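Colleague: I am new to this structure and would like a close look at one part of it. Please take me through how the helices pack where the two chains meet.

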Amino acid sequence: MLACDYLVCTQASFPFCSLFVIHKYDTTNLTPGIIYNIWDTSLLKKMEISVAEAEKRTGKNAVNMQETYTVYLIETRPVDAASEGTNPALDSLWRRYSEFELLRNYLLVTYPFAVVPPLPEKRAEFVWHKLSADNMDPDFVERRRVGLENFLLRVASHPVLSSDKIFYLFLTEENGWKETVFETGFQAKADSRLKALNATFRVKNPDKRFAEMKHYGDELQSVISQLLRVRARAADRLYGVYKVHGNYGRVFSEWSAIEKEMGDGLQSAGHHMDAYAASVDDILEEEEHYADQLKEYLFYADALRYMCRKHELTQYELEMAVQDLTSKKQQQEELATGTIRTFSLKGMTSKLFGQETPEQREAKLKMLETQIEEGEEQVKERNAECDEFVKSAWVDIERFKEQKDHDLRESLISYAIMQISMCKKGIQVWNNAKECFNKM
Amino acid sequence: MSSAGAPRSLASSGQKSIQDICHPLSAEESALNPGSAGLILPNGTPVDTSSPASSSSLLNRLQLDDDLDGETRDLFVTVEDPKKHVSTMETYITYRVCTKTTRTEFDLPEYSVRRRYQDFDWLRNKLEESQPTHLIPPLPEKFVMKGVVDRFSEEFVETRRKALDKFLKRVADHPVLSFNEHFNAFLSAKDLNKRQGLALLTKMGESVKYVTGGYKLRARPAEFAAMGDYLDLFTQKMGTIDRIAQRIIKEQSEFLMELREYGPVYSSWSSFEEDLHDPLEGVSGCMSNCSSALEELTEDMSENFLPVLREYVLYIESMKNVLKKRDQVQAEYETKLEAVVFREDKKTAVPSDVEKCQDRVECFNADLKADWDRWENNKRQDFRQLLTGMADKNIQHYEKFSIIEVSMLLKLLRHPQNQKEINNIKPI
């Protein structure tokens, strides 16, 4: 018997909603309690969102070829405090995965300082042998459905992202949404920024905090990947252990046929061994939940690193602007005083081929002045941009940290509960088998 | 044990106790009376050997001893106190064998001797040789793979001790085997001079050795055929179970390997987390403990479950040999009888050697039948014990596992953030 008086149960499907129900530990009943949503959210206060179903569709794609794809049903319902008791109508529309991707890319570009919630994986990774890597596999589709719902709920509970118009339209306007997104012109920004992010550039004075955050993202990604790999291998092995016990069922049955008094006990024990072998499917399905929760943070780590890179980019651009301004100011000084401090080809050629006319110099000085004015404006802009970015980003990072700590702790708790439930089942089956053996 | 109520009883056995009657099947007796056609009781009454019922009825009465409670049992044997002996040549374990008895075959009422596995093995061989019509209980396996099993680990030694104890108890409870003088020597002799056995054997002479080979069996009686068939099928099932158990051990070991990787990964994760540092460390520790629990379970399968299974397979081999010998004895009798019947003209009495053959067959069959029943009972007991033991070990494993997980859970829940939320929720 286990010696604890209270057991707190938690349900895992909404990791960022916490729930606690305390009841006295009862060995016969270890079911989870009720979910309470206790997080203050913006959009979620006004509407309920869910991804209710998934369906297969066929159609012609961009290159006019037949393709099969899955669509997901998004259901929304206004939360009307006044109309308690009445069930307001459900709005619903169908979206496919690529539209979710489009939404996310839009959010990434429009809110560069935000840690944008990740989508569920595009292709099944970290699979163990029984789990299908096929995108059309119903189990995969189901897990993806849950992941997409999670994504929407996370965006809807984000203090900044939740008030975005495009997001709202995604949930409510089935037709024409894509065009609206493209009209924002975010793609242009996206392309240039993406190119910049992929390029290698060096920041002279990296912000320590962001550097640390990026490093943290790297480490988190690495460790969760390791964990998922181990888990996949362990799942394979555990499956094997349970399934081989099923062979006992068969041999006990055969053996019981040649026994007299021992026969009944053996036969019924064999049935329990079969039940034991079959129980592994449920166990591993629940474990898959935990793996999915880890995967979400694997991808979150990626989002974090992406945001840190964006910060580096803004800082780099600021540094470039400052550099540019400094060099222009220097040029101005040289021209005005006639001294050449820095080596320049122009300077050399003019020394060789004679100086320019005073009119030319005048023109140049005027041009530089305007350039410097513009440069100073740009530096001011970029500085402000950087400051804004840092301020907003850091707010979101703090929010993210709290969320992550909370969610991962929740995941560990539900993992422990799942393991305990697995043990309970195991004890029950073996007790049943033992009873049968005793009757031999 | 009065003669009242005993079928076709030996009337004169009323005054003497069972212990004082020389066992009619004891080989020594027939050796001492080479000339007699039949067996004679010490008080002079001839034993009616022409009908198997008489000798087997005596057997049956002796067999009743088995089912009596401790009060009427007159021989108690235990194996205890294993000790390691280190000498220049070898290291080995000895066990104390304690005997308490009121039998007059023993000089003293109590004995305490030290014996090693070799001695038990010697005893079993001697019993097989001297009591070929009986099923001799099994011993734990002789050879253990060095490097795979630690012969001197407490667990292994204890498992062996229990098996040796069971072996001696079964011999002691056997109405025939318990009177065997090798058994007596094993229990009482200070120094077991194993050559002693050899001397006794030659003294007993030919009547103990059954002629094997050369005779063809006409018809095996149904019940013995059934025994043979059953043993074959039973061996098959044992083999299958052995293979399944080995596979489980293999899968569990490989699972264990993966389980062991969890701990370090969670540990390294905790190293770069702040708030999550403690919970992740806790999970890491939990994983290590779970690994140990699983390791214990797997070891137990290897050390306790598989060996018993294998002992039974070996045991069944020796049982099949006894069945073969029985067949031989019957074949010899049938052949000799045929030869006699052939000679119709000779109106002499059935020659004594044919009669002797008939006796042998009937005694063998009776012994075997009685021992088979005993074996069935023991087998049932043994397997009930083995399988409930396996179930127990699995239950214990899961209980250990869940205690580890519960303690980890409680640690996770003790976080101040959770505490705040816990306080805000009303109980349901």
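Modeller: H7(A) and H7(B) cross in a left-handed sense. This is a predicted model. Helix H7 of chain B covers residues 222-271, and its axis lies 9 Å from that of H7(A), at an angle of about 165°. An angle over 145 degrees counts as roughly antiparallel, so H7(A) is roughly antiparallel to H7(B). The contact of these two helices draws on every class of residue: 24 are nonpolar, 7 polar and 10 charged.

H7(A), which spans residues 208-256, also packs with a second helix of chain B, H9, made of residues 352-413. Here the axes are 15 Å apart and the angle is about 160°; H7(A) and H9(B) are therefore roughly antiparallel as well. Their crossing, too, is left-handed. From H7(A) come Tyr242(A), Tyr248(A), Phe252(A) and Trp255(A), and they meet Phe383(B), Leu387(B), Met390(B) and Tyr398(B) of H9(B). By class, this contact has 8 nonpolar residues, with no polar and no charged ones.

Both helix pairs belong to the meeting of chain A with chain B. Across it, 67 residues of chain A are in contact with 64 residues of chain B. About 6500 Å² is buried between the chains, and carbon and sulfur atoms give 73% of that area. There are also 10 salt bridges between chain B and chain A. One salt bridge joins Glu261(A) to Arg380(B), where the closest N and O atoms are 3.8 Å apart.

Key. Residues numbered from 1 in each chain as written. Chains lettered and ligands numbered in written order. Predicted model: local features only at pLDDT ≥ 70, side-chain atom pairs only at ≥ 80, totals over all residues. Heavy atoms only, no water. Axes fitted to C-alpha atoms, helices over the stretch in contact; angles between N-to-C directions. Helix = DSSP H or I, 4+ residues; strand = E, 2+ residues; numbered from the N terminus. Parallel < 35°, antiparallel > 145°, perpendicular 65-115°, else oblique. Left-handed = near helix turned anticlockwise from the far one by under 90°. Contact = heavy atoms within 4.5 Å. Nonpolar A, V, L, I, M, F, W, Y, C, P; charged D, E, K, R; others polar. Buried area = accessible area lost by both parts, 1.4 Å probe. Salt bridge = Lys/Arg side-chain N within 4 Å of Asp/Glu carboxyl O.
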